[in-house]
Amino acid sequence: MTTTSRGPAPRVPANRGHHGPAALAAFLRARRARLTPREAGLPEAGTPGHRRTPGLRRQEVAQLAGISVDYYIRLEQARGPHPSRQVLSALARALMLTADERDYLFRVAGESSPQVAGPSQEITPGIRHLLDSMPDTPAYVVDAAYNVLAWNQLATHFIGDLSGYADRNMIRWTFRWAQDTFWTDEDFVRFTRSMIADLRVAYARYPGDPGIEALVTEMLALSPRFAELWSAHEVEARGPMLKHVSHPLAGPLDFECQVLHIAATGQRLIAYCAAPGSATATAFKDLAAWATPDR
């Protein structure tokens with residue numbers, strides 16, 4: 001945890017209006033009820049659709065947040081001690097709160113909203129290890145402005161080996177270099193719309209960020225297609241998407257494009273996940289066997 005000479009963040013009075021333990025408890029219960037185990041990355045317990053508790057159980061939230069079940073139960077019953085900023089941050093991650101919801105959580109708990117750090121282009125050793133630990137799954141990492149930062153060997157069969165390229169921005173590639181025929185492909189258009197909606201999320205999360213601002217300004221000036229999609233004001237974080245690709249070496253491929261959002265840096269890890277035992281999974285293994293040694 002980073003500290004500064006400014007001291008701890010100021011507390012906000014928690015006994016006025018809709019603030020305080022009761023408001024915090026109600027908010028936690030409501031957000032827990034709306035989140036499914038699958039969305040939180042937990043196994044479904046029992047028959048799907050027949051859980052006695054809607055959404056997550058209390059013990060599941062406590063597990064995800066790294067706090068005791070008893071402590072979390074007391075928070076939901078408005079009888080627990082005042083939660084620290086570290087606990088509030090952990091709860092925000094566990095409940096997958098949006099930036100606005102996280103700010104609200106801090107306010108009702110009587111704390112000032114946490115400042116959002118700017119997006120980062122630094123790849124941590126853990127993320128680099130994660131990429132390299134998936135030799136049979138194409139995977140790469142982009143920053144908040146969709147600059148490709150890192151990739152594993154198998155991903156080069158889909159995005160190319162970008163080590164010699166100065167411009168690695170996927171949005172600029174898409175709108176400046178994509179052939180006209182690409183825009184008649186429904187999957188390509190759907191993927192592009194989701195990318196722009198996700199860029200909108202970053203645009204709002206990091207107001208005034210020079211990299212994102214410059215990219216949007218450039219694309220509005222140079223690409224009518226980008227301007228049209230941007231003007232639609234679609235805002236949605238990237239989620240899983242089925243993709244169908246005709247690969248020059250492997251032929252037709254079907255896989256799920258999974259997106260892992262790295263909240264601390266604004267990065268996204270994008271992985272092409274083939275169903276186990278499928279023809280695409282076999283093709284990925286063949287491509288990995290043909291791959292040149294790591295650069």
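Author: Before we start, one term: two strands count as paired when DSSP finds at least two bridges between them. Also, keep in mind that this is a predicted model.

Reader: Okay, so which residue in E5 stands opposite tyrosine 140?

Author: Let's start with the strands. E1 and E5 run antiparallel to each other and are joined over four bridges, which clears the cut-off of at least two. Across from tyrosine 140, in E5, you'll find isoleucine 270.

Reader: And in which sense do E4 and E5 pair?

Author: These two are linked over seven bridges, and one pair to look for is cysteine 257 with tyrosine 272 in E5. They also form a hairpin, with four residues between them. As for the sense of the pairing between E4 and E5, it is antiparallel.

Reader: Which residue in the turn of that E4 and E5 hairpin has a positive phi?

Author: Look in the turn, where four residues sit between the two strands. One of the residues there has a phi of about 75°, and that residue is glycine 266.

Reader: What about the hairpin of E1 and E2: which residue takes a positive phi there?

Author: E1 covers residues 139-142 and E2 covers 148-151, and they pair in the antiparallel sense over three bridges. Valine 141, for instance, faces alanine 150 in E2. Five residues lie between the strands, and the one with a phi near 70° is tyrosine 146.

Reader: Is E5 mostly covered or mostly open, and how many of its residues are buried?

Author: Buried here means under 20% relative accessible area. E5 has seven residues and is mostly covered. The number of buried ones in E5 is six.

Reader: Moving to H12: within what arc do its buried residues fall?

Author: H12 runs over residues 279-290 and reaches 17 Å between its end C-alphas, close to the expected 16 Å. Its buried residues are Thr280, Ala281, Ala283, Phe284 and Leu287. They line one face of the helix, because, looking down the axis of H12, they fall within an arc of 160°.

Reader: Then which exposed residues does the other face of H12 carry?

Author: The buried side of H12 has its cover, including helix H7 and strands E3, E4 and E5. Now turn to the face pointing away from that side. The exposed residues there are Ala279, Lys285 and Ala289.

Reader: Which element gives the most to the lining of the second largest pocket?

Author: This pocket holds about 800 Å³ of space. Of its 26 lining residues, the closest to the centre are Phe158, Phe182, Phe188, Phe191 and Lys243. H7, H8, H9 and E3 each give two or more residues to the lining. With seven residues, the one that gives the most is E3.

Reader: Last one: is histidine 233 buried or exposed?

Author: Histidine 233 sits in the loop between helix H11 and E3, and its phi is near 55°, a positive value in a residue other than glycine. Most residues other than glycine have a negative phi. For accessibility, the cut-off to pass is over 50%. With a relative accessible area of 52%, histidine 233 is exposed.

Definitions and conventions. Residues are numbered from 1 along each chain as its sequence is written. This is a predicted model: local features need pLDDT of at least 70, side-chain atom pairs count only at pLDDT 80 or more; totals for chains, interfaces and linings use all residues. Side-chain values use heavy atoms; hydrogens and water are left out. The expected span of a helix is 1.5 Å times one less than its number of residues. Buried means under 20% relative accessible area, exposed over 50%, partly exposed in between (1.4 Å probe, protein chains only). The arc is that of the directions from the helix axis to the C-beta atoms. Contact means heavy atoms within 4.5 Å. On a 1 Å grid over the protein atoms alone, a cavity is a set of points where a 1.4 Å probe fits but cannot get out, and a pocket is an open set with protein on both sides within 12 Å along at least five of seven lines; lining residues have an atom within 4 Å of a point. Grid points are joined across faces, edges and corners, and a volume is the space filled by probe spheres set on the points.
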